[in-house]
Amino acid sequence: MRRRKQKDLLLLALIDLAAFLSVFLLAGIVISVFARGFPAVSGTFLTAVTSILHGTVGIAGNIVNTIYIIVLTLFIAVPVGVGAAVWLNEYAGHGRIVRMIEFTTETLAGIPSIVFGLFGMMFFGTTLGLGYSILTGALTLTIMVLPLITRNAQEALRAVPAGYREGAIGLGAGRWYMIRTILLPAARPGILTGVILAAGRIAGESAALLFTAGSGYLLPEGGMGLLRKITESGGTLAVELYLSMSKAQYDVAFGIAAVLLCMIMLINLIVDTLVSRMEGRPEPEDLQMHEWKSADRRCNTRGREYRWLPLRSERIN
């Protein structure tokens, strides 16, 4: 008994030590980057672009390019990834094809990003003729983050209690109606977690984008220039960070790193707030689709009223 207690205390100490080291390393990295990066951050640094003629050093164009890449990639990847998760979890069953698809998505998640960049450059850039552009980079990153979004959405859908499905089907709701109004709202926090992880990976990616999106740093022109920007070369903050380090511009590199960390923390904070609000609800609002009338044991489902009997349901209007 005493030996078992000693082992438990030893394991608890090791777990506490591992947690402390993780927090210590993360805090050390963040403090080090902020300490060296914030002195280089100024209003001109955030609102101007680098220009030899004007003698300015700025990352405004790279910030805009990063936003373009994140929004465009998620705009394509989230519907496809969530749709694939719904099909795999609710329609496909558990056959060999499903296991093969899941194995393929897990394999894609482990491929180095530079391989995705090479494929994107050859297929989207050369074969489709998109060249070095933000659109090429977004399409490449879409393939890269699809497994992450799909797997997180699958796990979120699997975490929805089976009673939600059984109750909706028992009340006469169709499968798609059940998925749209019950399963997806209930799984929304888990899906958003996958989206924020994908956004963080997109913001911090550089290897794949060097091959596909290039390193342009100019701001888009007004009007149609905002739309035309997606067909032009655009380097993100991570790409500019790499290029600054390669030129030995360490102060600029640390300034970019500080801005990038602040951007990722802001995105995390916003999504965490949304998720906590959703999880704080006792029941999603969309789950209130069924209004029980206990007085005469009637149920209102999509405008149709039923009376529930011991062996069957009788429609009364």
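This passage describes the overall make-up, the nonpolar cores, one buried loop residue and the internal cavity of a predicted model.

The protein chain contains 13 helices and 6 strands. Of its 317 residues, 36% are buried. The area exposed by the chain is about 18,600 Å², and 66% of this area is supplied by carbon and sulfur atoms. Among contacts between residues at least 6 apart in sequence, 70% join residues at least 24 apart.

In soluble globular proteins, nonpolar side chains tend to be buried together. In the present model, the largest nonpolar core has 51 residues. The residues with the most contacts inside this core are Ile59, Leu74, Leu141, Leu183, Ile191, Ile202 and Leu237. Two or more core residues are given by each of α3 (60–91), α6 (134–158), α8 (175–186), α9, α10 (207–212), α12 (237–246) and α13. Helix α3 provides the largest share, with 10 residues. When residues up to four places away in sequence are not counted, Ile191 touches Val82, Ala153, Ala156 and Leu184. A second core, of 5 residues, is separate from the one just described. Val30, Val33, Ala257 and Ala258 are among its members.

Thr236 is situated in the loop between α11 (225–228) and α12. Its relative accessibility is 1%, and the residue therefore counts as buried, the limit for this class being under 20%. Leaving aside residues up to four places away in sequence, the contacts of Thr236 are with Asn62, Asn65, Thr66, Ile69, Glu205 and Leu209.

Rolling a probe the size of a water molecule over the atoms shows where empty space is left. A search of the whole structure for cavities of 30 Å³ or more finds 1. The volume of the largest cavity is about 30 Å³. Its lining consists of Ile196, Ala199, Gly200, Ala203, Ile264, Ile267 and Asn268. The elements that give two or more residues to this lining are α9 (188–203) and α13 (250–280). Helix α9 gives the most, with 4 residues. By type, the lining residues of the largest cavity divide into 5 nonpolar and 2 polar, with no charged residues. Both α9 and α13 are also listed among the elements that give two or more residues to the largest nonpolar core.

Terms used: Residues numbered from 1 in each chain as written. Predicted model: local features only at pLDDT ≥ 70, side-chain atom pairs only at ≥ 80, totals over all residues. Heavy atoms only, no water. Buried < 20%, exposed > 50% of the residue type's maximum accessible area, 1.4 Å probe, protein only. Contact = heavy atoms within 4.5 Å. Areas by Shrake-Rupley, 256 points an atom, 1.4 Å probe, with all protein chains shown as cover. 1 Å grid on protein atoms, 1.4 Å probe; cavity = no way out; pocket = protein on both sides within 12 Å on 5 of 7 lines; lining within 4 Å. Points joined across faces, edges and corners; volume = space filled by probe spheres on them. Nonpolar A, V, L, I, M, F, W, Y, C, P; charged D, E, K, R; others polar. Core = buried A, V, L, I, M, F, W, Y, C linked by side-chain atoms within 4.5 Å.
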